[in-house]
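Visitor: I'd like a close look at a single part of this model, namely the aromatic rings and what goes on around them. Take me through it slowly, please.

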Amino acid sequence: MTWLGEEGLIPRLRWLATGLVPAARATPPRRPAVIGHRGAARHAPENTVASFARSVELGAEGVEADVCATADGIFVLWHDADPDDLVARVRQAGREGLLYSPEVPETGSPDRRKVAEQTLEQFLERHAYRRTGESPPGAPDSPPRAEVEILERLFEWAAGEPRLRRIYLDVKLPPEQAGHAASLAAELSRGAASGAIPGRLAIRTISPQREIYERLRDGLRSSAGADLAPIADFELSEARKTARRIGARRVGLGLGRRIWRGFRAEAADLVAARDAGEFDEVFLWTINGRSRLAQAARIGPDALLTDEPEILRGILG
């Protein structure tokens with residue numbers, strides 16, 4: 001597995017030390033698109049049509065969805081490709097602060113397996129969402145349990161939602177499923193060509209793994225005329241240098257492993273490079289809280305991913 005970016009303390013400290021903030025501009029910064037993280041997962045089960053629809057109601061122009069592939073090659077909208085990694089266990093315990101938590105087989109069960117090791121039928125039988133949080137004021141009534149949905153369902157809904165302009169697919173495939181990444185690119189290309197994916201939608205695939213990113217890039221390249229493109233995603237530092245080396249024109253930068261000051265500095269550097277023609281798009285994730293959302297918006301990325309689309313929409317006006 002080859003992660004995009006550079007691991008280690010020195011690259012991270014470099015951005016912490018710069019304190020780089022957006023310089024004075026001759027023109028105002030771009031207005032970022034508001035993207036709902038897994039839809040509106042504080043209001044509805046993540047990665048479901050109910051969540052995507054709620055995020056649009058709250059002001060999102062686009063949605064982000066997590067995509068895994070089953071053993072028989074079906075793409076499911078599910079975050080945790082491996083139920084036993086640390087993040088997955090935190091989420092199963094309901095500690096992510098969302099309305100629902102993933103429901104998976106218990107530790108020690110022979111059914112507790114990676115998504116890639118199960119057929120679609122097996123996966124849907126064993127996985128769901130259970131409500132573990134309290135609904136925000138004004139949110140619709142929430143059932144105690146919700147089913148997992150497949151990627152096709154997202155596009156069926158999107159076709160009938162004219163307010164939706166963008167879909168970001170966070171592709172959770174391990175390197176051994178690189179063939180499925182190529183299949184996903186082909187499926188998106190066919191959907192755009194046939195009209196199953198409306199032409200008004202910009203579709204972006206996201207991956208921090210070089211093997212998966214390259215398969216997506218090569219597969220989407222043949223989709224002339226459709227707004228399909230891969231994003232080279234960086235959970236590690238030195239996004240600009242690595243993106244130039246691999247020829248990436250669209251870059252995503254994640255806050256998860258960074259301190260805010262260093263993240264803000266590297267994001268401002270990427271946006272300045274985009275304004276100079278080095279990149280076509282800069283995507284920032286996952287930003288929450290009014291102060292941080294306002295600071296990130298002032299940097300001027302093309303899109304901001306958030307759990308709080310209503311707050312970002314209010315900031316942008």
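How many aromatic pairs does a search of the whole structure find?

Guide: Five aromatic pairs turn up when the whole structure is searched. Rings of Phe, Tyr and Trp (its six-membered ring) count as a pair if their centres lie within 6.5 Å; planes under 30 degrees apart are called stacked, over 60 edge-to-face, and the rest tilted. Before we zoom in, keep in mind that this is a predicted model: local features need pLDDT of at least 70, side-chain atom pairs count only at pLDDT 80 or more, and totals for chains, interfaces and linings use all residues. Residues are numbered from 1 along each chain as its sequence is written, and side-chain values use heavy atoms, with hydrogens and water left out.

Let's begin with W78 and F123. Their rings meet edge-to-face, with 5.4 Å from centre to centre and 85° between the planes. W78 is in the loop between β3 (75-77) and α3, while F123 belongs to helix α4 (residues 120-126), so this pair ties together parts that sit 45 residues apart in sequence. As for the names, helices (H or I, at least four residues) and strands (E, at least two) are DSSP runs, numbered from the N terminus. W78 and F123 are both buried, meaning under 20% relative accessible area (exposed is over 50%, partly exposed is in between, with a 1.4 Å probe and protein chains only). Another ring joins in here too: ring pairs link W78, F123 and Y129 into a cluster.

Now swing over to Y168 and F283. Here the geometry is stacked, at 4.4 Å centre to centre and with 10° between the planes. Y168 is in strand β7 and F283 is in strand β11, so the pair ties together parts 115 residues apart in sequence. Y168 and F283 are buried, both of them.

Rings can also have a charge for company. The charged end of R257 sits over the ring of W3, 5.7 Å from the ring centre. For this to count, NZ of Lys or CZ of Arg has to be within 6 Å of the ring centre and within 35 degrees of the ring normal.

From the rings, let's look around at some other buried spots. I203 is in strand β8 (residues 202-207). With a relative accessible area of 1%, I203 is buried. Leaving out residues up to four places away in sequence, I203 touches F155, I167, L169, L188, I197, D227, L228 and A229, where contact means heavy atoms within 4.5 Å. I203 and G62 are 141 residues apart along the chain, and their C-alpha atoms are separated by 9.7 Å.

Next stop, helix α10 (residues 290-299). Its buried residues are L293, A294, Q295, A296, A297 and I299. The cover over those buried residues includes α9 (260-275), β12 (303-306) and α11. You can follow that link from the α11 end with I311, which lies in helix α11 (residues 309-316). Not counting its neighbours within four places in sequence, I311 is in contact with R290 and L293. L293 is one of the buried residues of α10, too. I311 also has 8.7 Å between its C-alpha atom and that of N288, which is 23 residues away along the chain. Right after α10 comes G300, with a positive phi near 90°.

That brings us to backbone angles. Most residues other than glycine have a negative phi. R38 has a positive one, near 55°. You'll find R38 in the loop between β1 (33-37) and α2 (49-57), and at 4% relative accessibility R38 counts as buried. E238 also has a positive phi, near 65°. E238 lies in the loop between β9 (228-234) and α8 (239-246), and its relative accessibility of 6% makes E238 count as buried.

If you go back to the viewer, try the two ring pairs again: W78 with F123 is edge-to-face, and Y168 with F283 is stacked.
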